[in-house]
Amino acid sequence: MSDPDFIDALRERYLALSPHMAECGMQVGALSADAAVLILPWREDWLGDSESGRINPGVITVLVDSAAGLAVLARVGQREPIATLDLRMDYLRPAFRGAAVHCRTSCFRLTQSIAFVRATVWQHDEGQPIASAQLVFMRSNAPRPGHGGAP
Amino acid sequence: MSGAWIEARRAARERGDYAPLVALIPYARFLGMRVETHEQRPRLRLPFRDSLVGNPRLPAWHGGVTAAFMENTALLHLLLQLDAERMPKSIDFAVDYLLSGRPEDLYADCEITRLGSRVAQTQIRCWQSDPARPIAIARAHFLLSTSE
């Protein structure tokens, strides 16, 4: 479940395997079977509105989806195909230009077929989150209905 | 809202020139979003490029990018349809993924399902070659700025 070699391999290869995560310059922070932190360094491209200096919500969603996938694989403990079924974002505070965006995710329930994930996003202070999110992933290698296993 | 916003909206509404509006949202420009007019309705398009791929094995669009495209579809739709004086603020966003995004262009449209004095509720659909087969559907609430 928490093979340290797999966690190390995930840390090294997760971002490089995905062209878009690599393009955004994301970095893996803390990583264990229990939680994953992904960091999005600041770039002017992330702005939603040059006048107000607010970060666009879309790039925060990209970070959250990326981080959640990492948390699921860390919890699963091996490479396997996963697909996001749904994602819900709550934008708690505005995010402003100039600072990296951090996302901590945790796969809090894993079944044979499904992974449930929570995420928190912040810039300067994890205690003052700019967004929270919930996601559900499907484990694509899971047994099909009729082959047993639940849910 | 500054003159640039008013001018961008005028260019979109009067000349069908949407580029100045997209350019005012740096992230939408980074993604490469375009607004097109299709059957008298605005339709958003995100041309495929390799750096937007999440999973190169399939290959498939990064699911977060599909969501980001849909959130910005709603934002651009609100900017076009309303006379908002500032950028609407995202309150929440929820997306259901129906199909994997193949390496082809994405399209999206938006419907304002409820417009109150402070909050707009929107529904967004995203598809690829067949509009009748959406690859994702989403809803989002936005706080509309009032002039102060």
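**View 1. Helix α3 of chain A lies across strands from both chains.** In this predicted model, helix α3 covers residues 57–76 of chain A. Underneath the topic of this close-up are β1, β2 (36–40), β5, β6 (101–110), β7 (114–122) and β8, which belong to chain A, and β5 (89–97), which belongs to chain B. If you want an angle to check, α3 runs at about 40° to β6(A).

**View 2. An open sheet of 12 strands takes in both chains.** Start with chain A and read across: β1(A)-β2(A)-β6(A)-β7(A)-β8(A)-β5(A). Then carry on into chain B with β5(B)-β8(B)-β7(B)-β6(B)-β2(B)-β1(B). The pairing is antiparallel. At the edges sit β1 (27–31) of chain A and β1 (34–38) of chain B, and each of these pairs on one side only. On average, neighbouring strands here are turned by 25° against each other, direction ignored.

**View 3. β8 of chain A pairs with β5(A) and with β7(A).** Strand β5 (residues 82–91) and strand β8 (residues 131–139), both from chain A, run antiparallel and are joined by 9 bridges. To get your bearings, look for Asp86(A), which stands opposite Val136(A) in β8(A). Another pair to find is Ile82(A), with Arg139(A) of β8(A) opposite. Now turn to β7(A): this strand pairs with β8(A) over 8 bridges, again in the antiparallel sense. Here Ile114(A) has Met138(A) in β8(A) as its bridge partner.

**View 4. The two β5 strands pair across the chains.** β5(A) meets β5(B) in the antiparallel sense, with 5 bridges between them. One pair to pick out is Leu87(A) with its bridge partner in β5(B), Val95(B). Strands like these pair through backbone hydrogen bonds. For a side-chain link between the chains, go to Arg88(A) and Asp92(B), which meet in a salt bridge at 3.3 Å, N to O. The interface of chain A and chain B holds 2 salt bridges by the rule used.

**View 5. Chain A and chain B bury about 2,600 Å² between them.** Carbon and sulfur atoms give 52% of that buried area. In residue terms, 33 from chain A are in contact with 36 from chain B. There are also 17 residue pairs in polar contact between the two chains, counting pairs with both residues at pLDDT 80 or more. On the chain A side, α2 (19–24), β3 (47–49), α3 and β5 each supply at least two of the residues that touch chain B. β5(A) gives the largest share, 8 residues. By type, the chain A side divides into 12 nonpolar, 9 polar and 12 charged residues.

**View 6. β6 of chain B pairs with β2(B) and forms a hairpin with β7(B).** On the β2 side, strand β2 (residues 41–46) and strand β6 (residues 106–115) of chain B are antiparallel and joined by 3 bridges. Look for Arg45(B), whose bridge partner in β6(B) is Tyr107(B). On the β7 side, 8 bridges join β6(B) to strand β7 (residues 119–127) of chain B, and the two run antiparallel. Glu111(B) is a handy landmark, with Gln123(B) in β7(B) as its bridge partner. Follow the chain from β6(B) to β7(B) and you pass 3 residues between the strands of the hairpin.

Note on methods:
Residues numbered from 1 in each chain as written. Chains lettered and ligands numbered in written order. Predicted model: local features only at pLDDT ≥ 70, side-chain atom pairs only at ≥ 80, totals over all residues. Heavy atoms only, no water. Pairing = 2+ DSSP bridges. Helix = DSSP H or I, 4+ residues; strand = E, 2+ residues; numbered from the N terminus. Axes fitted to C-alpha atoms, helices over the stretch in contact; angles between N-to-C directions. Contact = heavy atoms within 4.5 Å. Buried area = accessible area lost by both parts, 1.4 Å probe. Salt bridge = Lys/Arg side-chain N within 4 Å of Asp/Glu carboxyl O. Polar contact = N/O pair within 3.5 Å; in protein donor to acceptor, adjacent residues only side chain to side chain. Nonpolar A, V, L, I, M, F, W, Y, C, P; charged D, E, K, R; others polar.
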